[in-house]
Structures are given as C-alpha cells and as structure tokens.
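Visitor: I am new to this structure and would like a close look at a single part of it. Could you take me to the largest pocket and show me the helices around it?

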Amino acid sequence: MNKLLIYEYINRLRYDDVVNFCNYMGISISSSDLDIVYSYIKNDYKRFFKNPMDVLEEIKTKVSNNTFIEIMKLYDKYKSKIS
C-alpha cells in the first residue's frame, strides 16, 4: 500500500478512531495502554515504517502483555500490506 496514503490517514486519525477499531476487532485495552498506542501511532509511524521491530520492542516495555499480544497479532496480519 502506498505509504503516502497511510501517512495521510494517520495524520487525520483521532483517538476515537483507535477506540472504535479496538472495539470492532474485539480487543480489550486499558485506557493507559490506549494512550500509549495512540501516541506511538501519531508520533512514531515514520520510524515504524523504517524499522518496525525497534518500535514494537519499545512498545512492549510500556503496555500490558495482553495488549502487546494483540498488537503483534495485528502486525502479523497486516505487515504484508505495509512492506
């Protein structure tokens, strides 16, 4: 997928969009983990595209184990679309 389109989408992404996505996917996430995930999405997406594993390792230390497992499931599901 075109990274420019993804960048534009992320620039317009709102906190409620992430909440709604989690609800749609059936992902239970605490508000503190949600704050962390949202912050990384908004502020570190370009770094993520350069080296996703570094960013994921960083996130792993900041969110609950259950949240990180869900993040990794989503990463595995969608990684082919961002490479």
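Guide: Happy to! Let us begin with helix α1, which spans residues 3-12 and has I6, Y7 and I10 as its buried residues. These residues cover an arc of only 100 degrees around the axis, which puts them on the same side of α1. Turn to the other side of α1 and you meet L4, L5, Y9 and R12, which are exposed. Please keep in mind that this is a predicted model.

Now for the pocket itself. The largest pocket has a volume of about 1,000 Å³. It is lined by 31 residues, and those closest to its centre are I10, F21, I41, L74 and Y78. You have already met I10, as one of the buried residues of α1. The elements that each give two or more residues to this lining are α1, α2, α3, α4 (52-60) and α5 (65-82). Of these, α5 gives the most, with nine residues. As for the character of the lining, it divides into 25 nonpolar residues, one polar residue and five charged residues.

Let us pause at L74, one of the residues closest to the centre of the largest pocket. L74 is found in helix α5. Is it buried or exposed? Neither word fits: the cut-off for buried is under 20% relative accessible area, and L74 has 21% relative accessibility, so it counts as partly exposed. From L74 you can also look across to M25: the two are 49 residues apart along the chain, while their C-alpha atoms are separated by 9.7 Å.

Next comes α4, another helix that contributes to the lining. In α4, the residues P52, V55, L56 and I59 are buried. Seen down the axis of the helix, these buried residues fall within an arc of 100 degrees, so they line one face of α4.

The aromatic rings make a good second tour of the helices. The whole structure holds five aromatic pairs. One of them joins Y15 and Y38 edge-to-face, with 5.3 Å from centre to centre and 75 degrees between the planes. Y15 lies in helix α2 (residues 15-25) and Y38 in helix α3 (residues 31-50), so this pair ties together parts that are 23 residues apart in sequence. Y15 counts as partly exposed because its relative accessibility is 28%.

There is also an aromatic cluster, formed by Y7, Y45, F48, F49 and Y75. Y7 brings us back to α1, where it is one of the buried residues. The ring of Y7 has a charged companion too: the charged end of K46 sits over this ring, 5.6 Å from its centre.

One last stop is S31, whose place is in helix α3. With 53% relative accessibility, S31 counts as exposed. Compare its position with that of R12, which is exposed on α1: S31 and R12 are 19 residues apart in sequence, and 21 Å apart in space from C-alpha to C-alpha.

Methods. Residues are numbered from 1 along each chain as its sequence is written. This is a predicted model: local features need pLDDT of at least 70, side-chain atom pairs count only at pLDDT 80 or more; totals for chains, interfaces and linings use all residues. Side-chain values use heavy atoms; hydrogens and water are left out. Buried means under 20% relative accessible area, exposed over 50%, partly exposed in between (1.4 Å probe, protein chains only). Helices (H or I, at least four residues) and strands (E, at least two) are DSSP runs, numbered from the N terminus. The arc is that of the directions from the helix axis to the C-beta atoms. Rings of Phe, Tyr and Trp (its six-membered ring) pair if their centres lie within 6.5 Å; planes under 30 degrees apart count as stacked, over 60 as edge-to-face and the rest as tilted. A charge sits over a ring if NZ of Lys or CZ of Arg is within 6 Å of the ring centre and within 35 degrees of the ring normal. On a 1 Å grid over the protein atoms alone, a cavity is a set of points where a 1.4 Å probe fits but cannot get out, and a pocket is an open set with protein on both sides within 12 Å along at least five of seven lines; lining residues have an atom within 4 Å of a point. Grid points are joined across faces, edges and corners, and a volume is the space filled by probe spheres set on the points. Ala, Val, Leu, Ile, Met, Phe, Trp, Tyr, Cys and Pro count as nonpolar, Asp, Glu, Lys and Arg as charged, and the others, Gly among them, as polar.
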